Amino acid sequence: RVVTLDGTTVDLADYYGAKPVVLEFWATWCPLCKKMEPAMEAARQRHGDRVTFVSVGVTANQTADRQREYAEKQHLTGTFVFDADGAAIKAFTVPHTSYIVVIDAARRVVYTGVGGDQDIEAALKKAGL
């Protein structure tokens, strides 16, 4: 379970099934995440009607408020949640921030990757886009 930036508890699985989902585990201080921002925002703008984008904030040197303020300042779109207890990080065995997981509409993980140079368009193609 994670919390939305307004404090509501949700289950990441609630986002799965209707359409592909992109989970991005990130932090405001992460240089690789910042490098991915333009590509991720372009993908959100291009595919936002067909893909659910969920940015999952990690707790290391991070708060939900800091994440919300950063997303607003940078005009980032999509859904933002905060992994307050680290359960999502454990569930996905997240090795590092800038970790991306793509889950297709059949709830299968079709892509995982880490780093600032990931090809999000190629990852989305694996989900049938």
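Let's start at Ser-98, which sits in the loop between helix H3 (87-91) and E6. This is a predicted model, so keep that in mind as we walk through it. Is Ser-98 buried or exposed? With a relative accessibility of 0%, well under the 20% cut-off, Ser-98 counts as buried. Looking beyond its neighbours within four places in sequence, you'll find Ser-98 in contact with Phe-25 and Trp-26, with Cys-30, Leu-32 and Cys-33, and with Gly-113, Val-114, Gly-115 and Gln-118. Met-36 is 62 residues away from Ser-98 in sequence, yet their C-alpha atoms are 7.6 Å apart in space.

Step along to Tyr-99 and you're in strand E6. Tyr-99 has 10% relative accessibility, so this residue counts as buried too. Its contacts, again leaving aside neighbours within four places, include Leu-23, Glu-24 and Phe-25, then Phe-92 and Val-94, and also Thr-112, Gly-113 and Val-114. Gly-115 lies 16 residues from Tyr-99 in sequence, with 6.9 Å between the two C-alpha atoms.

Now zoom out to the whole fold. The protein chain has 4 helices and 7 strands, and reading from the N terminus they come in the order β-β-β-α-β-α-β-α-β-β-α. The radius of gyration is 13 Å, close to the 14 Å that the globule rule gives for 129 residues, so the chain is as compact as a globular protein of that length. Its C-alpha atoms fill a box of roughly 35 × 25 × 25 Å along the principal axes. Half the chain is tucked away, in the sense that 50% of the 129 residues count as buried. And if you take contacts with a separation of 6 or more, 69% of them come from residues 24 or more positions apart.

What holds the middle of the picture? The largest nonpolar core has 29 residues, and the ones with the most contacts inside it are Leu-12, Leu-23, Phe-25, Val-56 and Phe-92. Strands E1 (2-4), E3 (21-26), E4 (52-57), E5 (79-82) and E6 (99-103), along with helix H2 (64-73), each put in at least two residues. E3 gives the most to this core, with 4 residues. Val-56 makes a handy viewpoint here: not counting residues up to four places away, Val-56 touches Leu-12, Leu-23, Glu-24, Phe-25, Trp-26, Gln-67, Val-81, Asp-83 and Ala-88.

There's also a second, separate core of 13 residues, and Phe-53, Val-102, Tyr-111 and Leu-124 are among its members. Leu-124 leads us to one more stop, Val-51, since Val-51 touches Leu-124 as well as Lys-19, Pro-20, Val-22 and Leu-129, residues up to four places away not counted. You'll find Val-51 in the loop between helix H1 (31-47) and E4. Its relative accessible area is 2%, so Val-51 is buried. Leu-129 is 78 residues from Val-51 along the chain, and 8.9 Å separates their C-alpha atoms.

Finally, a look at the outside. The protein chain exposes about 6,400 Å², with carbon and sulfur atoms supplying 52% of that area. As for charge, there are 15 positive and 16 negative side chains, and the centres of the two sets lie 4 Å apart.

Notes. Residues numbered from 1 in each chain as written. Predicted model: local features only at pLDDT ≥ 70, side-chain atom pairs only at ≥ 80, totals over all residues. Heavy atoms only, no water. Rg over C-alpha atoms; globule rule 2.2 N^0.38 Å. Buried < 20%, exposed > 50% of the residue type's maximum accessible area, 1.4 Å probe, protein only. Contact = heavy atoms within 4.5 Å. Areas by Shrake-Rupley, 256 points an atom, 1.4 Å probe, with all protein chains shown as cover. Lys, Arg positive; Asp, Glu negative; His and termini not counted. Charge placed at Lys NZ, Arg CZ, Asp CG, Glu CD. Core = buried A, V, L, I, M, F, W, Y, C linked by side-chain atoms within 4.5 Å.
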